[in-house]
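Biologist: I am new to this structure. Please take one helix pair and describe closely how the two pack.

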Amino acid sequence: MKHLVTKVIIKMCVKSIVIATIIGSIVCIIGYINKWNSSIVYSNAFFVAGCLLIIAGTSSRYAAGQEWDKFQLLNADSLNEMSNNERANFIINESSPIRLVILGVLSGLWLILLSAIAAYLL
């Protein structure tokens with residue numbers, strides 16, 4: 001059991017590092033095209049990108065929960081043995097799993113950490 005949990009945590013961290021690397025590369029390309037010559041500008045861009053990732057991750061889950069009252073009216077044969085609350089929670093979890101929130105927050109934190117490192121380079 002511990003091995004499985006450790007494997008999932010490592011996999012999530014690797015995914016978040018890959019996402020942060022891709023977005024960091026995009027920020028660097030934009031900086032190169034716009035001829036940014038200060039590490040503070042790059043630091044600010046990494047910080048904004050990290051904040052946007054955190055907001056995107058959390059808002060995806062929040063938006064899925066906004067339709068909760070409409071999900072209570074859903075009646076489906078495949079979900080027949082569930083109560084209204086269980087059915088709503090099932091649909092919310094399926095439409096926006098918690099791993100997207102964790103992935104967005106973790107990737108955003110990597111970019112914010114990169115922002116702090118970039119601020120001290122020059």
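Modeller: What follows is a look at one helix pair, after a short overview. This is a predicted model, in which local features need pLDDT of at least 70 and side-chain atom pairs count only at pLDDT 80 or more, while totals for chains, interfaces and linings use all residues. Residues are numbered from 1 along each chain as its sequence is written, and side-chain values use heavy atoms, with hydrogens and water left out.

The protein has five helices and zero strands; helices here are DSSP runs of H or I with at least four residues, strands are runs of E with at least two, and both are numbered from the N terminus.

The pair is helix 1, residues 2–33, and helix 5, residues 98–119. They pack at an angle of about 55 degrees with their axes 8 Å apart, the axes being lines fitted to C-alpha atoms over the stretch in contact and the angles running from 0 to 180 degrees between N-to-C directions. Helix 1 and helix 5 are therefore oblique to each other, since angles under 35 degrees count as roughly parallel, over 145 as roughly antiparallel, 65 to 115 as roughly perpendicular and the rest as oblique.

On the helix 1 side, the contact (heavy atoms within 4.5 Å) includes M12, I19 and G24. Helix 5 contributes R99, I102, L103, L106, S107, W110 and L111. By class, this contact has 11 nonpolar, three polar and two charged residues; Ala, Val, Leu, Ile, Met, Phe, Trp, Tyr, Cys and Pro count as nonpolar, Asp, Glu, Lys and Arg as charged, and the others, Gly among them, as polar.
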